[in-house]
Amino acid sequence: MKPVSVSNGNLLGHWRRWAPVVVLLALCILISLFNGNFLTFGNFIRLLNSAAIPIVLCMGATFIILMGSIDLSIEGVVALTAVIVSLLVINDISPYALSLWAVPIAVAVGGMMGLLNGVLHIKLKTPSFMTTLGVGFAGVGVATTILGGTTVRISDQTFRFLSLGRVLEIPMAVWIAAVAVAVAYVIQERTRLGRWLYAIGTDEMTARHAGIPIERTRILIFGIAGLFYGLGGVLAAAQFGQGHALISQGRLFTTITAVVVGGTALSGGVGSVINSVIGVFIVVVLANGLVLMGVEPYVQQGVQGLLIIAAVALALDRSRLDVVK
Amino acid sequence: MTQEQRTRLQTWLPLIVLAVLILIVGIYDPRFFSASNFLSVTADTMTLFLMASGVTLVIMMGGIDLSVQAVASMASCILAAYLQQLGFLAIPLAVLGGALAGFIGGLASTKFRIPSFIATLAVSGVVISAGNWFSQTRSVNIPGDLSATYLDWAIGEALGVPNEIWVGAAFLVIMSAVLGLTPFGRLVRGIGAQERAVIASGINVDRTKIAAFTLSGTMAGVAGVVMAARLGSGSPTLANEFLLPAIACIVVGGTAITGGVGSIWRTFVGALIVQVVRIGMTFMGVSVFAQQIVFGFILVAAVAVTMDRAKVLVIK
Amino acid sequence: MMQPVLEVRNVSKSFPGVKALDNVSFHINKGEVVGLIGENGAGKSSLLKVLNGIYQPDEGKVLVDGREIIITSPRHAFDSGIAMVFQEQSILPTLTVAENIFLGREEEFLRFGLISKSRMNAAAAEELKKVHLSTHPAMRCADLSFADRQMIEIAKALSLDSRIKTDVTILLDEPTSVLEQKEIELLFRIIGDLKQRASIVFISHRLEEVLEISDRVYVMRDGQIVQELAAKDATVKELHQHMVGRQLHHEYYREARQATPSAKTVLECVDLNRDGAFSNISFELHEGEVLGIAGVIGSGREDLARCLAGHTFPDGGNLLVNGTAVHFGAAYDATAKGVGLVPSERKVEGLVAPFSVAENMTLAALPKFVSGGIISFSAEKAVAADWVSRLKIKTPSTATSAGSLSGGNQQKVVLAKWRIAGVRVLILDHPTRGIDVGSKEDVYELVRDMTAEGLAVILLGDTLDEVIGLSNRILVMRDGEITARFEAPPGGKPTQVELVRHMV
């Protein structure tokens, strides 16, 4: 029997692929109608700045979700790397003064936690949401233990330049995020690992038949994601000038919202890091808009929650009648 | 290991572990072995157990509910905010809030086909906002006289036993009866064991799932009310740090996240284990923060042991 | 004498309950096209899976160019010179044409660790030329038609040819079932070109095609090779004869008990269709009737069965139960109207393995056993015990977990479940798959019991035999449509050859 449709509603059909961009533009237009302050240069910079760290975190999260897994450890990794980097530069607790050398060290720690996620997930054969949940909690725990509940204050100005400094009027954090996006994009499009991600996320059996090393790829991707989270932690520490475990609170939620709203499918195999960048901007613009409209800040999470539900429900793939747990 | 070995392990190991742990802690500090101490430890465990009892049903069905901590906090806010005006009615109102949150989570994971961990994560965001709204982002105090009038059933004492234990025991019995004696309970087990066969037998699986999530939210609401009574206040972050232990006690008690196997009393044993481990670690000078790390790894280990890998072809 | 490019000697492969390959020996020479035909379950796909490294044979050897080899995975098969085009597409929609063709083999295009898209696309364009496809290699496969994707699937396999020095064998599993006539002719031209360099194994249920393109044809039946013929000497009729050929045992199918159905119509289809599965389905089902549906994989009969039971939804046409039009939104709508399905995958959809026999039996009718909100365990146990003895189910007790019973007894539990639920129409999808002979006979007896009580049965039989022996009437389906209808009264049964003619 000849099957019917060409590109069936199975995947993001043409109009659906552009939906996130359309949503973003619509939001921008709506908000600027409400409050002219939205369209100022100052606000624009504010938006970019708010988006910087979430974008970096989303790069890692997107890879993992493309693979069909989930990473609930983001907050734990960010907390730990923020604390570690804070203790390695000039601060009020520890004697280290590694300046910018602290950055690769902290990022590497992030990578190692990611690898831990991957190894536990693969070797113990436990679902990623469980292993990352456990490792994430452990990460926050380690971060808090190291500091014994206090906060460490950073006084290294070179380090803080990474977030607060400006080049061509644009904050360094934004430049760093841009580089992160570029790197992530290259990994996604031009490395075998990136292409294999999509294969594994779409149809693991076919990927295995083609000779793709599934286990190794999974572990490496978790590790790479950890590197991005580590970078996010470094930027967070640089931004706030302090390190403590709470620096990561709420970031998991924002990251997942952004990835989902940006159009990357939770089932894997569909989406891209660029989608997630758009998703971050949707979340950030919405938050900015709510503030400009005078809405209480605690409403943010509620709105994000509804956004996730709406985004996933709309991307609903009705032809996949798999059992959803 | 074979299925029979695994079942036996899952049934007896948690109890053995609990007994061993109690012995170890008791050796460290013999005062642990007193009756009054056991009662107070058990009473302290009850809030965790109440929260985890509803989630047990969801996990047995093969899903998960990550919103319980936020729901409990929200329930505490509702209670504290309305106790003055509504008196006893504030209690069912708070619990109803929990039920509604659970219902929305259930709806999202069935009708909208969103995986339950995302759906409940999303709901938790909405619930946190709601909790903040009810309490105006502050911690709301429950004055002593209000507490004495309306909340004594939760924190007082009867027959020498703290009321938390009576409340917990009551729900233990009720939930176990629901799980073991009602068609709903059987369907929950069936859906977790082999959902497609249950669908093919003409059951409205969506309806059962929504009911389970609603029950989970309800129990989280109850837990929030009891917590608020004990702490004398309601706040949007009251139940923070409870999510991980709640899931841990379910899994450590022997319920597999692959679904189909488990019971409420297992969760109770698991909750006791978690509590005793916490006490033990405190005795040994392990900081509260470091305890998180331990629980994180216990969680992963327990899941790895209890999972039925024959059921999951591709582990994502 | 030249040795065969690929040879299989005395290969056997078994799964619990079924022998997929039974002492199969087969060979293919360089530049030959060998056709492989047979009924469902004859073993064709299993043979290809052994050649492709997806299955490991329990006994026997595989030889490539005369050397014995153990093929561990499809990738290993590829590197050894064997490439397969799957029946279910393995093209990943979100990747481009070039990425799909070279999936897993991107190393050759690496430059400084990154994939050179230009080089990969150029190489892909070369491969696409071989299948006469002018699609741009950088296009995403999601945007291409099904037929184009099939061609790319073929190009993927053919890319083996330019990368390996040794002889190459291409395995084609039902490549034409999704293609239009024009594309089929194209495929045959490609195969013609290929013969110079490669050997080809071609599976199809369209026998005229097989004869047209092949040099030799092997016929398989029940996991064995039963005949080898030169294509130019064979006729389609001969092939039919070889494909079937088991004797019909009238006793086996309890033909004596086959009753005349009443005139009352319980179920009716009018012009039912479902995109991509079946179309123009119209028939009536009567009380006390067994309606058999015969067809190969891809005929649409499994889709139809599941649609009638509410598991999937039709795109058009009408379904009537007892004269009233119905629309099943889910399986539970169908059961509410008295239509049940005994599914082909017993372990996944038929039973809840950890549940006891009693719990499984009452699953489709739980409300009947509930009073005051609580399950009445004694009533449940009594009913279950009754059915255990009625159906002669071998189980230590009604509390034993259903997963521990043998296949035949499990199937009886499933049947009991639907009897307890009181369905009036029962659809049996491969009901005797994987169960022993004795239990099969019990199942046939049960079918007669049911029709005697006025139930109507739709039967998708495992074998043609079964369909012919059990049914009052038979529908034959091919490519989604009903191609023939037969009356099958006892003593006036159609022959297997008559049926096969409309199936392939």
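Two strands count as paired here if DSSP finds at least two bridges between them. Keep that in mind for the second half of this tour, and remember that you're looking at a predicted model.

**Stop 1: chain A on its own**

Select chain A and colour by pLDDT. The mean comes out at 86, with 92% of the residues at 70 or more. Now pick residues 1-12 of chain A: pLDDT stays under 50 along this stretch, for which the model has 29 contacts beyond four places in sequence.

Switch to cartoon and you'll find 13 helices and 4 strands in chain A. Turn the chain about its principal axes, and the C-alpha atoms fill a box of roughly 75 × 55 × 35 Å. How does the radius of gyration compare with that of a compact globule? For 325 residues such a globule would come out near 20 Å, and chain A has 20 Å, so the two agree. As for burial, 57% of the 325 residues of chain A count as buried. If you draw contacts with a separation of 6 or more in chain A, 78% of them come from residues 24 or more positions apart.

**Stop 2: where A meets B**

Bring chain B back. Here 42 residues of chain A are in contact with 44 residues of chain B. Which helices of chain A should you select on this side? Try α5 (128-147), α11 (251-262) and α13 (299-314), each of which supplies at least two residues to the side touching chain B. α5(A) gives the most, with 14 residues. Colour that side of chain A by class and you get 24 nonpolar, 15 polar and 3 charged residues.

**Stop 3: strand β3 of chain C**

Hop over to chain C and select residues 33-38, strand β3. Since 6 of its 6 residues are buried, β3(C) is largely enclosed by the rest of the structure. Show the residues and look along the strand: C:V33, C:G35 and C:I37 point one way, while C:V34, C:L36 and C:G38 point the other, and all are buried. That fits the usual pattern, as side chains in a regular strand alternate between the two faces of the sheet.

**Stop 4: the partners of β3(C)**

Add residues 198-203 of chain C, strand β10, which pairs with β3(C) in the parallel sense over 4 bridges. Zoom in on C:L36, whose bridge partner in β10(C) is C:I203.

Then select residues 216-221 of chain C, strand β11; 5 bridges join this strand to β3(C), and the two run parallel. Which residue of β11(C) is the bridge partner of C:V34? Click on C:R216 to see it.

Definitions and conventions. Residues numbered from 1 in each chain as written. Chains lettered and ligands numbered in written order. Predicted model: local features only at pLDDT ≥ 70, side-chain atom pairs only at ≥ 80, totals over all residues. Contact = placed C-beta atoms within 7 Å. Nonpolar A, V, L, I, M, F, W, Y, C, P; charged D, E, K, R; others polar. pLDDT = per-residue confidence, 0-100. Buried ≥ 20, exposed ≤ 12 C-beta atoms within 10 Å, placed from the backbone. Rg over C-alpha atoms; globule rule 2.2 N^0.38 Å.
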